[in-house]
Amino acid sequence: MICFFQSMRRVRAAVSGLTALVAVAALLPTLSDAAHAGEADVVDVKFEQAADGTYRFDVTVRHADDGWEHYADRWQVLAPDGTVLGERVLLHPHDTEQPFTRSLGGIAISRDIKSVSVRAHDSLHGWGGAELTIALRD
């Protein structure tokens, strides 16, 4: 009889463990939904210098936008020392347009700056995705 009760305890423990495992597995999609889109990545940058000496940047960003709660919401052009030279604010999610390209002109960059970095930001993770560094001149 003691052997029977020990077996029943083992069965109950196994069922309890399995129930906990099923509960955690059921939560996984919910827990990962917020981070599903990941960080915003800069995947391409084109630039041109205008006659007045300012620059225009065409920046392509990839991010699995997931509505207003999680979307790529801006990108920046940075000097080598981290100074923000220009910022394009993105006013809405691009759920169905990936990757997407947006432009910003009128960026003043001094002649002593030879290269810039471009980074993207998303509303959940902030900065942290792939950046590109672009040589402006030799």
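Leaving out neighbours up to four places away in sequence, Thr 60 is in contact with Asp 41, Val 42, Val 43, Asp 44, Pro 99, Phe 100 and Thr 101. Keep in mind as you look around that this is a predicted model.

Where along the chain does Thr 60 sit? Its place is in strand 2, which covers residues 55-62. Among its contacts is Phe 100, the residue at which strand 5 (100-107) begins.

Now turn to a second threonine. Thr 96 belongs to the loop that links strand 4 (84-89) with strand 5 (100-107). Try finding Ala 64 too: Thr 96 and Ala 64 are 32 residues apart along the chain, and their C-alpha atoms are separated by 9.1 Å.

Are these two threonines buried or exposed? The table puts them side by side.

| Residue | Relative accessible area | Class |
|---|---|---|
| Thr 60 | 11% | buried |
| Thr 96 | 84% | exposed |

Thr 60 counts as buried because its 11% falls under the 20% cut-off. Thr 96 counts as exposed because its 84% is over the 50% cut-off.

Let us step back to the whole protein. How many helices and strands are there? The protein has one helix and eight strands, and along the sequence the helix is followed by the strands, in the pattern α-β-β-β-β-β-β-β-β. The protein has 138 residues, and 30% of them count as buried. Its accessible surface comes to about 8600 Å², with 58% of that belonging to carbon and sulfur atoms.

Finally, consider the contacts with a separation of 6 or more: 57% of them are between residues 24 or more positions apart.

Note on methods:
Residues numbered from 1 in each chain as written. Predicted model: local features only at pLDDT ≥ 70, side-chain atom pairs only at ≥ 80, totals over all residues. Heavy atoms only, no water. Helix = DSSP H or I, 4+ residues; strand = E, 2+ residues; numbered from the N terminus. Buried < 20%, exposed > 50% of the residue type's maximum accessible area, 1.4 Å probe, protein only. Contact = heavy atoms within 4.5 Å. Areas by Shrake-Rupley, 256 points an atom, 1.4 Å probe, with all protein chains shown as cover.
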